Amino acid sequence: MIDFATAPGGHRLAAGERDRALDIPGFGQVFTDHMVTMRWSEHSGWHDGRLEPYGPFTLPPSTSVFHYGQAVFEGMKAYRQAGGSLALFRPEANAERFNRSARRLAMPGLPPEVFVRAVELLVTQDRNWVPQGEGRSLYLRPFMIATQPGLGFTHPSSSYLFCVIASPATPYFGPAGPRALTVWLCEDYVRAAPGGTGEAKAAGNYAAAFAAGRQAVAHGCDQVVWLDAAERARVEEMGGMNLFFVYGGERPRLLTPELTGALLPGITRDSLLTLAGDLGMDAGEGRITAAQWREECEAARLTETFACGTAAVIAPVGTVRSASGGWQVGDGNPGPVMRRLRTELLDIQYGRVPDPHRWMHKVD
Ligand code: PLP
Ligand code: COI
């Protein structure tokens with residue numbers, strides 16, 4: 001096991017200021033006092049693990065990541081549970097996905113136990129930054145960048161930096177519970193193609209999404225829904241979230257787009273497939289085209305659509321817009337299936353109900 005040298009600094013914010021910062025709703029604007037870093041080189045492998053004060057990196061302008069974008073990241077949360085103890089949600093799943101992303105970008109893998117240890121170390125050190133209250137959590141952002149100086153393109157970088165930073169968070173679309181989103185069905189840009197990097201959490205995927213995001217905002221929408229690259233027909237995912245389609249009724253049926261290699265295998269998605277089954281719903285993976293989505297909504301068979309992800313938790317989709325028209329999902333408001341699943345997931349994450357799948361990983 002790689003050791004982390006701990007050289008914590010003082011607190012960047014006094015306790016009162018920190019408590020005020022914790023009260024401001026938002027996502028990824030305020031960072032805790034510390035970070036964990038670790039370096040990789042061909043010669044030494046992973047080494048130089050440190051817990052240190054949060055602060056800037058100094059890198060030469062020729063550093064590989066600035067030019068060729070070799071960078072991957074993860075997103076996960078620590079929750080303050082009843083009684084004050086802290087727990088991470090399925091960190092081993094993030095560790096595994098991090099390694100799959102790294103492999104796709106020709107970057108070194110990290111032993112899962114080292115990844116989890118690095119995250120635990122930061123949460124323990126900055127435990128006073130884990131907020132209390134419904135929907136509030138400490139968002140953790142492990143990432144890795146290529147650090148070799150030079151513009152050579154014949155080989156991937158020969159050195160890398162791994163880092164974990166943390167930010168107190170409320171759900172991405174607001175702390176006041178789910179509001180129905182209006183989404184933009186993007187019919188010109190594509191996010192990812194088969195054989196590409198869509199199933200990796202590669203920084204470049206997000207860079208390539210901003211132009212469509214602007215288009216969405218220009219049409220009064222909150223988020224972009226991506227279609228498959230080949231036919232622009234099948235719905236794949238939405239912004240930084242996976243999608244679920246609900247056919248309501250006595251025994252609701254849930255469908256989430258299958259993992260084609262072009263969409264991210266979300267950990268929330270995987271967890272909801274399991275929880276829906278636990279609740280007696282019929283949940284599975286499959287294909288749905290945008291045309292079917294519209295027809296099924298218009299025929300009132302498809303009653304809800306919702307997005308899910310670590311940052312977003314679960315967010316309902318109320319209205320769909322596209323260059324060729326739009327439609328409403330259900331009555332345009334958050335639906336009962338989404339609410340049921342959201343309560344179930346949050347109850348497990350905050351330790352209010354038993355954790356039958358042993359998803360929660362207690363910290364210290
Ligand atoms: N899809 C994309 C593109 C994402 O960035 C994310 C967020 O991490 C997700 C889906 C949801 O994944 P998870 O539930 O693991 O957060
Ligand atoms: C997450 O949910 O963890 C994400 O990475 C989504 C995002 C904010 C890009």
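Both domain 1 (4-169) and domain 2 (181-349) chip in to the lining of the largest pocket, with at least three residues from each. Keep in mind that this is a predicted model. Below is a quick tour of that pocket, a second one, and the two ligands.

**The largest pocket**

- The volume here comes to about 1,100 Å³.
- A total of 47 residues line this pocket, and Phe73, Arg141, Tyr172, Tyr206 and Gly240 are the closest to its centre.
- Plenty of elements pitch in with at least two lining residues each, including strand 4 (71-73), strand 8 (159-169), helix 5 (203-207), helix 6 (210-218) and helix 7 (267-278).
- Which strand gives the largest share of the lining? That's strand 7, with 5 residues.
- Sorted by class, the lining has 27 nonpolar, 13 polar and 7 charged residues.

**The second largest pocket**

- This one holds about 250 Å³ of space.
- Its lining is made of 14 residues, and Ser64, Gly152, His155, Pro156 and Ser157 sit nearest the centre.
- What about charged residues in this lining? There are none: the split is 5 nonpolar and 9 polar.

**Ligand 1**

- Look for 16 residues around ligand 1, with Lys201, Tyr206, Glu237, Thr268 and Thr310 being the closest.
- Two side chains reach oxygen atoms of ligand 1 with a polar atom: lysine 201 at 2.7 Å and tyrosine 206 at 2.4 Å.
- Glutamate 237 goes for nitrogen instead, with a polar side-chain atom 2.6 Å from a nitrogen atom of ligand 1.
- How much of ligand 1 does the protein bury? On its own the ligand exposes 380 Å², and 96% of that is buried by the protein.

**Ligand 2**

- The residues surrounding ligand 2 are Phe27, Phe73, Gly75, Tyr139, Arg141, Lys201, Tyr206, Gly240, Thr310 and Ala311.
- Spot Lys201 and Tyr206 again: they are among the closest residues to ligand 1 and also belong to the surroundings of ligand 2.
- Phe73, Arg141, Tyr206 and Gly240 turn up twice as well, being among the residues closest to the centre of the largest pocket and also around ligand 2.
- From its side chain, tyrosine 139 places a polar atom 2.6 Å from an oxygen atom of ligand 2.
- Lysine 201 has a side-chain N or O atom 2.7 Å from an oxygen atom of ligand 2.
- With alanine 311 it's the backbone that does the job: a polar atom there is 2.8 Å from an oxygen atom of ligand 2.
- Alone, ligand 2 has 290 Å² of accessible area, and the protein covers 86% of it.

Key: Residues numbered from 1 in each chain as written. Chains lettered and ligands numbered in written order. Predicted model: local features only at pLDDT ≥ 70, side-chain atom pairs only at ≥ 80, totals over all residues. Heavy atoms only, no water. 1 Å grid on protein atoms, 1.4 Å probe; cavity = no way out; pocket = protein on both sides within 12 Å on 5 of 7 lines; lining within 4 Å. Points joined across faces, edges and corners; volume = space filled by probe spheres on them. Helix = DSSP H or I, 4+ residues; strand = E, 2+ residues; numbered from the N terminus. Nonpolar A, V, L, I, M, F, W, Y, C, P; charged D, E, K, R; others polar. Domains from an automatic or database assignment. Near = heavy atom within 4 Å. Polar contact = N/O pair within 3.5 Å; in protein donor to acceptor, adjacent residues only side chain to side chain. Areas by Shrake-Rupley, 256 points an atom, 1.4 Å probe, with all protein chains shown as cover.
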